2 protein chains.
Amino acid sequence: MLTYSLSDTGTDSLYVYLYKCIKNDILRGILTAGTKLPSKRSFAKNLGISNITVENAYSLLVSEGYIFSLPKRGYFVSDITFPENHPCSCYYMENISNSSPDCPPPYEPSTSPAVFADFVSNRTAPESFPFSIWAKLLRETISAKSEELLTNPPCGGTIELREAICAHLKQFRGMNIHADQVIIGAGTDYLYSLLLLLLGRDKIYAVENPGYTKIEKVYRSHGVDCRFINMDSSGILVEELNQKGADIAHISPSHHYPTGIITSVRRRYELLGWAAAHPSHYIIEDDYDSEFRFAARPIPTLQSIDKTERVIYINTFTKSLASTIRISYMVLPPHLLSRFYEQLSFYSGTVSNFEQYTLAKFIRDGYFEKHINRMRNHYRAIRDALLCAIKKSPLASRSTITEESAGLHFILKIDTKLPDQELVKISSSHGLHISCLSEYYHGLKPENHMPHLSHAIVMNYSGLRKEDIEEAVRRLCESILTAD
Amino acid sequence: MLTYSLSDTGTDSLYVYLYKCIKNDILRGILTAGTKLPSKRSFAKNLGISNITVENAYSLLVSEGYIFSLPKRGYFVSDITFPENHPCSCYYMENISNSSPDCPPPYEPSTSPAVFADFVSNRTAPESFPFSIWAKLLRETISAKSEELLTNPPCGGTIELREAICAHLKQFRGMNIHADQVIIGAGTDYLYSLLLLLLGRDKIYAVENPGYTKIEKVYRSHGVDCRFINMDSSGILVEELNQKGADIAHISPSHHYPTGIITSVRRRYELLGWAAAHPSHYIIEDDYDSEFRFAARPIPTLQSIDKTERVIYINTFTKSLASTIRISYMVLPPHLLSRFYEQLSFYSGTVSNFEQYTLAKFIRDGYFEKHINRMRNHYRAIRDALLCAIKKSPLASRSTITEESAGLHFILKIDTKLPDQELVKISSSHGLHISCLSEYYHGLKPENHMPHLSHAIVMNYSGLRKEDIEEAVRRLCESILTAD
């Protein structure tokens, strides 16, 4: 009769310990295939434990395949060995000999060193986020909506949030849409991927050159054909869209990043004409920071003047609320909705109900509008202080500032002989994280930089603290003037 | 001199109204290309308004491209018309003639009619979710972590949550991993898509037949080669993986859906041997409901016995916490991490920091373990009551129950002549939403149903309320027995 000492089972319960003893004997070949195990009753009696303990251990061994049972005959050891030349055999032996692997060494790519001022990344300052209102609305949502919070919403998102977005877009962007057209997603990257599945992987996607490099990366990571289209001062070049056979034009007509170009009204109609000319043509209108336009009122969206349902509008709360609350949305033209629901509605939503309902309330109760206004003033103050500090500095006579009235960045063109890469490197050694306009151009080699593209710093100031501005500008002067 | 009546500007501010007047005159051709506009000063004087109002209106028109300015010469109307045969021209005219589109008609695919009992969907009952604890932890997180909440986490997720998951997996699944290996994502669908980009779109993906149909849909929607691999009672067939040239095997060895099969230990080592045999081979181990195994302790994961880093482990809180809190994770083998960070770290995270920090605290403070235990008891009670109601019912003599000790469903095999589709249809007319095992088989035509696959209902009971059980079983009897 099989026997084990059960006097010290460590932290294991009795049946787990027994299971482990038998398993080890099977793995070590002490109990060989076909061996009959003792009956539950006699084994229990022999070990001085209850029948149920043996039964639990046997059940576990059966469920994992170490033993099997035959009706009215009892339990037998399974054949778990492999012939010697079987590809699993060494693997299997190795596993038996060492069953407790060490914890693998940590691997996290080193994050960039702490910088004094970051003119590249967008980050929301903690003092800018309406924590107490958000917490209040979350609390109200949890206490009022327990049923809805746990009910799976339609694949496009909760009706409340989609309706709140509709009302917002109507009031602030003149857009006349229905809640069904709004699709919520966890960030624009996710929505780009979803759109790519909807519009087709076989299509040719066109992105702006220069442009926000991430958009191209998303398309490339999916292995689709993605082409760069040059821009002039009125926007993306329509004749190039035709020359390069583009199907989908992914553009930001309200405010181009990083040049700040606003697509002219003539070009807008040209683009709509291009889109209407062929059934495979669509425009993805990325309206990512339209809320923060300082000069006059925002430009009407392409979506709102589009009659032929060729524009897909995309916007995000990651810019307007917080980059760490992952909520974005797109507005599909009505004729694409049935395709979306047929082909992609099996995808589960990506945004938690808790945040969808809270954001819906935040918009509906007017807090979002207040927040936008407050942030616009905040960003304007930062911008003004930054411009003022530059104008008072030795840089004033060596630089020109353009595109300062739209979005959360401007272009600071420096009169210098330093190549752009040097500019970035030297600034970095002074604790500044900057990027140059030339970095956003595809296929632009340093040797054939056009002069108007060189030495132009893209100054993202949304993450800058007011109290750091003077010092940041002093460091910028120091980097550029001493190195030149 | 241009003149407009500014006596009734409606809800518009003065400059917006002026902007609209001029824009309309340009669009209607009253002001033609090249026309010089009055100087700001004289126009303001003429209209009896301030210079700044005219300036704001002109700025807006310039930024939208309706007019342009020439230094020291003033403002001129842009050429925004198109030649008659230009593809934009009719489009453009149409736009002018009607600039206020009607709201499109609503389009939402009709949701299925309300059912009395749903044996198909997984849904968390509101009384099961720990609202007050969740609200408390959210509140604590918001008050203690304002800085961290607004700081973009690494692409894999916040360190806190990844460490909490590591500790949980070590304790409950015997897995020895490092936080860097854990990648957080908004649902498993999203993680499947990310994995597909990581492992390669050119690979052959293998899914279980029968199986959870959504997995295949995700692969197909991305246009990758996805093949079905048959199962026997020990798990997926390894020789078929070889025959069909699979690179990636997507399996659920701990608990297969819907059959409940637990992959035997011999098959596990065979699978690991298959995976180790070729550098393109990987196993995606979908451990989606391992927390709710009733009999004995959970089966060890493939990941924990894998020595050759060929297993990618995936699990989700959408089953164990709430389907509407969209948090899932995968554990990458160390050698895949550098590829992940190089190729895909530009993707922004998909889960809000607020929920990541709250969940981390929920796990770390022991609430998750308590919740799992409470839910396991809850589900066990539902299952027992359901089994008991079936056994007391007229169905008892006409049915067999299998696989009742793992996961949140069992198989109810009915002795009936009704085809499966009829079973589903008739039950639906009695307010029951059911699905049959045969629906999860790919390529199985009704005419060649194997007898052991027919008439087997997959009874998901996780969303069932205790008080509805008797009535649900009564309706099930009624549907089947009266129709037969």
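How many salt bridges are there between chain B and chain A? The count is two, and the legends below introduce the interface where they occur in this predicted model.

**View 1. Chain B meets chain A.** Welcome to the interface as a whole. Here 105 residues of chain B are in contact with 107 residues of chain A. Between them, the two chains bury about 9,300 Å². Carbon and sulfur atoms account for 61% of that buried area.

**View 2. A salt bridge joins B:Glu147 and A:Arg465.** This close-up looks at one residue from each chain. The closest N and O atoms of B:Glu147 and A:Arg465 are 4.0 Å apart. Salt bridges between chain B and chain A number two.

**View 3. Polar contacts link the two chains.** Look across the interface of chain B and chain A, and you will find 22 residue pairs in polar contact, with both residues of each pair at pLDDT 80 or more. On the side of chain B that touches chain A, helix α11 (residues 265-276) gives the most, with seven residues. That side of chain B can also be sorted by class: 54 of its residues are nonpolar, 29 are polar and 22 are charged.

**View 4. A rotation superposes chain B on chain A.** Turn chain B by 180°, with 0.0 Å of shift along the rotation axis, and it superposes on chain A with an RMSD of 0.1 Å. This is the relation of a two-fold axis. Both copies use the same surface, as 99% of the contact residues of chain B recur in chain A.

Conventions:
Residues are numbered from 1 along each chain as its sequence is written. Chains are lettered from A and ligands numbered from 1 in the order in which they are written. This is a predicted model: local features need pLDDT of at least 70, side-chain atom pairs count only at pLDDT 80 or more; totals for chains, interfaces and linings use all residues. Side-chain values use heavy atoms; hydrogens and water are left out. Contact means heavy atoms within 4.5 Å. Buried area is the accessible area (1.4 Å probe) that two parts lose on being put together, summed over both. A salt bridge is a side-chain nitrogen of Lys or Arg within 4 Å of a carboxyl oxygen of Asp or Glu. A polar contact is a pair of N or O atoms within 3.5 Å; within protein, one must be able to donate a hydrogen and the other to accept it, and residues adjacent in sequence count only if both atoms are side-chain atoms. Helices (H or I, at least four residues) and strands (E, at least two) are DSSP runs, numbered from the N terminus. Ala, Val, Leu, Ile, Met, Phe, Trp, Tyr, Cys and Pro count as nonpolar, Asp, Glu, Lys and Arg as charged, and the others, Gly among them, as polar. Copies are superposed by least squares on the C-alpha atoms of residues with pLDDT of at least 70 in both.
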